[in-house]
Amino acid sequence: GDDVTLITRPRRFGKTLNMSMVEEFFSIQYENRGDLFEGLSIWEEEKYQKLQGTYPVISLSFAGIKETDYVLTRKKICQIFTDLYVKHSYLRESEVLTDTDRRFFDRILAEDFDDSDASLTLRQLSDYLERYYHKKAIILLDEYDTPMQEAYVNGFWEEMVAFTRSLFNSTFKTNPYM
């Protein structure tokens, strides 16, 4: 029943594998793929079988964000956001988006967006997905701390904290669409 769950475990403890399993269980992309879960305890309960493949899922990882300065770090994070919008480009042409939504979508696709847009990318995408599928999105973020570690080591901590705080606030704290 939680809106946000933070799962922390030591290195090499299966966090990424667990997130992949959660994505494949819930994601609409894996609808009718109950075969992936047959023989597992979760598949013994019909109420869980009915949940499989029924949610829009936004899944991303910051594992590869190991840059030595803020500009490159921000650029790589924003590329991940652009890739997510490309993956969900079917939304752009749907009737659920307004002209204003399409302009925002286009800025993200064109990689022509400022920090304000960047901080809203995941919130907006979850909004679009909820309107399209009529279900709140599940957002899975793996390795969220990797850019922060690099920022600390390489001396751009303050910039990275400001960017991350804004992103996480709009994505996980004040997002009614997830």
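Below, two people talk through the cavity, the pocket and the paired strands of this predicted model.

Colleague: What makes strand 2 mostly covered?

Modeller: Buried means under 20% relative accessible area. In strand 2, residues 138-142, 4 of the 5 residues are buried. Therefore strand 2 counts as mostly covered.

Colleague: How do you know that strand 1 and strand 2 pair?

Modeller: A pair needs at least two bridges. Strand 1, residues 57-61, is joined to strand 2 by 5 bridges, so the two strands pair. They run parallel. Ser-61 stands opposite Asp-142 of strand 2.

Colleague: Why is the space of about 40 Å³ called a cavity?

Modeller: Because a 1.4 Å probe fits there but cannot get out. The structure holds 1 cavity of 30 Å³ or more.

Colleague: Which residues line the largest cavity, and which helix gives the most?

Modeller: Among them are Phe-62, Ile-77, Tyr-144, Met-160 and Phe-168. Helix 7 gives the most, with 5 residues.

Colleague: What makes Thr-164 polar, when it lines the largest cavity?

Modeller: Thr is not among the types listed as nonpolar or charged, so Thr-164 counts as polar. By class, this lining has 9 nonpolar, 1 polar and no charged residues.

Colleague: Why is the space of about 1,500 Å³ called a pocket?

Modeller: Because a pocket is an open set of points, with protein on both sides within 12 Å along at least five of seven lines. The largest pocket holds about 1,500 Å³. Of its 41 lining residues, those closest to its centre are Thr-5, Leu-6, Ile-7, Met-19 and Leu-141. Helix 1 gives the largest share of the lining, 8 residues.

Colleague: How many charged residues line the largest pocket?

Modeller: The lining has 12 charged residues, with 21 nonpolar and 8 polar.

Terms used. Residues numbered from 1 in each chain as written. Predicted model: local features only at pLDDT ≥ 70, side-chain atom pairs only at ≥ 80, totals over all residues. Heavy atoms only, no water. 1 Å grid on protein atoms, 1.4 Å probe; cavity = no way out; pocket = protein on both sides within 12 Å on 5 of 7 lines; lining within 4 Å. Points joined across faces, edges and corners; volume = space filled by probe spheres on them. Helix = DSSP H or I, 4+ residues; strand = E, 2+ residues; numbered from the N terminus. Buried < 20%, exposed > 50% of the residue type's maximum accessible area, 1.4 Å probe, protein only.
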